[in-house]
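Student: Could we go through this model together? I would like short questions and short answers.

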Amino acid sequence: MVLQNLPCFLLFSLVFVPSLVFSWKQNDQFNQAKNYEGSSDFVNLEYHMGPVLASPINLYIIWYGHWNPSQQATIRDFLYSFSSPAAYPSVADWWKTVRLYTDQTGSNITGSVNLSGEFSDFKYSHGGYLGRLDIQSIIKTAVTSYRGLPLNPHNGLYLVLTSHDVQVQDFCRAVCGFHYFSFPTIVGVTVPYAWVGYSGTQCPGMCAYPFAWPQYSGKPPPRGNEGGGILKAPNGDVGVDGMISVIAHELAEVSSNPLVNAWYAGDDPTAPTEIADLCLGVYGSGGGGGYVGKVYKDSWGNGFNVNGVKGRKFMVQWVWNPLRRRCYGPNAMD
Ligand SMILES: *[C@@H]1O[C@H](CO)[C@@H](O)[C@H](O)[C@H]1NC(C)=O
Ligand SMILES: *[C@@H]1O[C@H](CO)[C@@H](O)[C@H](O)[C@H]1NC(C)=O
């Protein structure tokens, strides 16, 4: 876990509330000024003998709350892009770095990520204010509802996405998303899952970087490519485009550390630094310290760094490459 530029009360809670771990914390990237593209000198990523997600992943989305079809289509297309060909550099090319992680059986993380089912919890079955464990209850509801999702403990991965009007414990204060695994007492089985919230109205400056910038950060906005200012969102929705980078982050980490006993840095398993935490805020060569790095702009001037299906463009943060021992993505210049 990388400590961040947050007020003391947040640091306090990061240390003392175990459920705050395994989370994507937007403000970490402000602390990387001297850490261009990560640094092999200080990173001690270790394997702790647990499994990685080596079997083809069946991904199930739970849309919690109110989602509009165009938001859903963008996120769906992003997820379809993991295993489908697209122009280089593609989402699947980005995933190749994640695939470099293996477990003790020598199995790599899978290249097959299939969107296998979706469930709309449009009735807000667990209300509009959710605690951490409520995410597991939402999964339970989705797998026990009429026409619900299958409960797949073999190679299922559940992605709970909460809409703009849903508040989640620590969302927008300390985290933008997290991953963990379910408890049999709540869901019936142990299965990995991730949650990501829509931040477009609640806290774009915190969770939709680099398409929005927190005024309270006390630092200038990131330099998007050569020009100044923040980047324009490639799919026209700051909240959704910001979520996509958080979803990418969480999928990389849940795949390499699904039971929180595989790949992470740091001595404390309740506060691990995982393969995407190491590269927060880095989207291209030279990135770090509030500069996204070398990324592309489409003909409308929107920022992106990978291509997806149907000509879509996305912006995803880099992840730690264990062979190069630095943050890396397919849009790297070297
Ligand atoms: C599996 O991981 C090893 C070790 O990082 C790597 O050398 C190999 O290329 C990976 N295989 C795939 C298919 O990514
Ligand atoms: C992928 O998911 C679809 C449903 O979206 C399903 O019909 C198909 O069988 C799945 N493919 C694999 C290889 O699991």
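The turns below cover two ligand shells, a helix and a core.

Tutor: This is a predicted model: local features need pLDDT of at least 70, side-chain atom pairs count only at pLDDT 80 or more, and totals for chains, interfaces and linings use all residues. Residues are numbered from 1 along each chain as its sequence is written, while chains are lettered from A and ligands numbered from 1 in the order in which they are written.

Student: Which strand gives the largest share of the shell around ligand 2?

Tutor: Count a residue as near if its C-beta atom, placed from the backbone, lies within 6 Å of the molecule. Asn58, Asn114, Leu115 and Ser116 then surround ligand 2. Strands are DSSP runs of E, at least two residues, numbered from the N terminus. Three residues of the shell come from strand β4 (residues 113–121).

Student: How many residues of helix α4 are buried?

Tutor: Helices are DSSP runs of H or I, at least four residues. Buried means 20 or more other C-beta atoms within 10 Å of the residue's own, placed from the backbone. Among those in α4 are Asp134, Ile135 and Ile139. Of the 11 residues in α4 (residues 134–144), the buried ones number eight.

Student: Which residues have the most contacts inside the largest nonpolar core?

Tutor: Such a core joins buried Ala, Val, Leu, Ile, Met, Phe, Trp, Tyr and Cys residues through C-beta atoms within 7 Å. The largest has 93 residues. Helix α7 (residues 238–256) gives the most to this core, with 10 residues. The residues with the most contacts inside the core are Ile62, Ile139 and Val160.

Conventions
A residue is buried if 20 or more other C-beta atoms lie within 10 Å of its own, exposed if 12 or fewer, and partly exposed in between; C-beta atoms are placed from the backbone.
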